[in-house]
Amino acid sequence: MPHRTELYEEPPLGCWPIVYSPDYNITFMGLEKLHPFDAGKWGKVINFLKEEKLIADDLIVQAREATDEDLLVVHTRRYLNKLKVLYLLMCFSRKLSRWSFVVATITEIPPVAFLPNFVVQRKVLKPLRTQTGGTIMAGKLAVDRGWAINVVCSFSPLQLSCPGGGFHHCSSDKGGGFCAYADITLAIKFLFERVQGVSRATIIDLDAHQGNGHERDFMDDPRVYIMDAYNRYIYPGDGFAKRAIKRKVELEWGTEDTEYLQKVQTHVEGALNEFKPDIVVYNAGTDILDGDPLGGLAISPQGIVKRDEVVFRAARSRGVPVLMVTSGGYQKRTARIIADSILNLHSLGLLGRQRPACALGSPSLDQMVTDSAKDLSNLSLQ
C-alpha cells in the first residue's frame, strides 16, 4: 500500500491548477546573488498573472513540503541522509569543523559549505522540498483538471553547470546542477502508484540542457517515453543517460526561432503519435532565450510563447493532460515571458477541461511563425 501523503489531498474546487508557495523563494544572507538566476522569479510570475487579473491569491493551490516518506518513493535513504548529514571539512587552520558540503556541491554555491547544516536545511532544502511537493501535487491536478503548472524554477550553476528546472538533473541517488530532489520522477511515480488509469507518461524536456536525472531514473522503464531537445555542447553531456531518450533533438549554438519551432513541432507531434501517454510532463525551460548566459541558444520571447503553445496544443488536442514546470532561465525578463506564455495559453482556450481534438486543430508552423508578433501584440513582452 502507498504511504499516506498530504500532497494528494484535494484543493478547493475554485482554485486554478496553478501551484505556488512563497516558501519557494530561496534567500540566505545574500549568497543567492552569487548565481545569475533571479531568486525571486517565482513570485514575479505570480504577480504578473495577478496584475493581468488571471489569478488571485485565493485561487492558487498552495504547495506543501514533500516529507521524507514522500521523497523515499524515489530516493534512497542513503541519499537523503547524505543531504542532511553534517560533513567534516578541513579548514585552512586544518581544524575539523562540521559543514554542509554535499548541499554546497549540488547547489554549486561554494560558500554554502561554510554554513551550519541547520541553516542550509531551513534556507535551501526546505524550499526545494516545497517546490518538489508542488510538482507532485501538480501531477494529480493535471489528471483531474486537464492541465497544471507548478511555477517552480531552480538556480543555475555558477559557471559551466546548468539549470535544474523541474530539477531534471537529479536522479534517485545523485543530485547536481542545483537539483537536490527528482521532482519529475517523483510526480510520475506517484501517479503510477496512486491514480487509476495512469500507467504511461511522456516527458517533453525543452530546457536548454539535457535532462539526465529523469533519463537515468527511467532508463529501462517502458512506461515512460522521453523527448529531449537541448544544446548538445553544454552541461551535462551525460552520454549514458542519453540512451534513455526516445526522441533526441540535439541543437547547435545559436539556434533561432524558425528552425527551433520546426523541430519542436515535428518531434512533439511525432512523440505523441509514437507513444500514447496518460500524461505529458513538460519541462518548459526559458534558458533557450537569446542572450541567456548558460543556454547558448537564440530563441525570442515570442518563440518561447509559441513553443509552449505547440506542446499544449499537441497534448490537449489528443485529450492528454499536461503537467508543466517552468524550469531554468537566467535573465530578468524570463518571469514576464513565463507569465505572458500562460496568458497566451489561456487566451487560446488551452487552459481548461479536456476538449475534443476537433476543437483544437493545429495550425501550420509557417502560420504560427508569421502570426507570432500579431498573436502577442497585447502581451507585454520585454
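The side chains of Asp340 and Arg336 are joined by a polar contact of 2.8 Å. A polar contact here is a pair of N or O atoms within 3.5 Å; within protein, one must be able to donate a hydrogen and the other to accept it, and residues adjacent in sequence count only if both atoms are side-chain atoms. Asp340 sits in helix α10 (residues 334-347), and because its relative accessibility is 0%, Asp340 counts as buried. (Buried means under 20% relative accessible area, exposed over 50%, and partly exposed in between, with a 1.4 Å probe and protein chains only.)

A word on where this comes from: the model is predicted, local features need pLDDT of at least 70, side-chain atom pairs count only at pLDDT 80 or more, and totals for chains, interfaces and linings use all residues. Residues are numbered from 1 along each chain as its sequence is written, and side-chain values use heavy atoms, with hydrogens and water left out.

**The chain as a whole**

There are 12 helices and 10 strands in the protein chain. Both are DSSP runs numbered from the N terminus: helices are H or I with at least four residues, strands are E with at least two. Of the 382 residues in the chain, 62% are buried. Take the contacts with a separation of 6 or more, and 73% of them are between residues 24 or more positions apart; contact means heavy atoms within 4.5 Å.

**The core and two residues to look at**

The largest nonpolar core has 102 residues, and the members touching the most others are Ile188, Leu206, Tyr282 and Phe312. Helix α5 (residues 117-145) gives the most to this core, with eight residues. Such a core is a set of buried Ala, Val, Leu, Ile, Met, Phe, Trp, Tyr and Cys residues joined through side-chain atoms within 4.5 Å.

What does Phe312 touch, leaving aside its neighbours within four places in sequence? Its contacts are Trp147, Tyr282, Ser317, Val322, Met324, Leu345, Leu350 and Leu351.

Leu272 belongs to helix α8 (residues 257-274) and, because its relative accessibility is 1%, it counts as buried. Beyond its neighbours within four places in sequence, Leu272 is in contact with Thr202, Pro277, Val280, Ala314, Ala315 and Arg318. The Thr202 partner is 70 residues apart from Leu272 in sequence, with 7.9 Å from C-alpha to C-alpha.

Lys189, in helix α6, is partly exposed, with a relative accessible area of 25%. Not counting residues up to four places away in sequence, Lys189 touches Val73, Val74 and Phe218. The C-alpha atoms of Lys189 and Gly139 are separated by 10.0 Å, and the two residues are 50 apart along the chain.

**Empty space**

Rolling a probe the size of a water molecule over the atoms shows where empty space is left. On a 1 Å grid over the protein atoms alone, a cavity is a set of points where a 1.4 Å probe fits but cannot get out, and a pocket is an open set with protein on both sides within 12 Å along at least five of seven lines; lining residues have an atom within 4 Å of a point. Grid points are joined across faces, edges and corners, and a volume is the space filled by probe spheres set on the points.

The largest pocket has a volume of about 150 Å³. Its lining is made up of His169, Ser171, Asp173, Lys174, Gly175, Gly176, Asn212, Gly213, Arg216, Tyr235 and Asp238. That gives one nonpolar, six polar and four charged residues, where Ala, Val, Leu, Ile, Met, Phe, Trp, Tyr, Cys and Pro count as nonpolar, Asp, Glu, Lys and Arg as charged, and the others, Gly among them, as polar.

As for cavities of 30 Å³ or more, the structure holds two. The largest cavity comes to about 60 Å³, and residues lining it include Leu7, Tyr8, Pro11, Val61, Met137 and Lys140. Its lining divides into six nonpolar, no polar and four charged residues, and α5 supplies the largest share, four residues.

**Backbone oddities**

Tyr235, one of the pocket-lining residues, is joined to Pro236 by a cis peptide bond, with omega near 5 degrees. Pro236 lies in the loop between β7 (224-231) and β8 (247-251). Two residues other than glycine with positive phi are set out here:

| Residue | Phi | Loop | Relative accessibility |
|---|---|---|---|
| Phe167 | near 45 degrees | between β5 (147-150) and α6 (183-194) | 3%, buried |
| Ser327 | near 60 degrees | between β10 (322-325) and α10 | 0%, buried |
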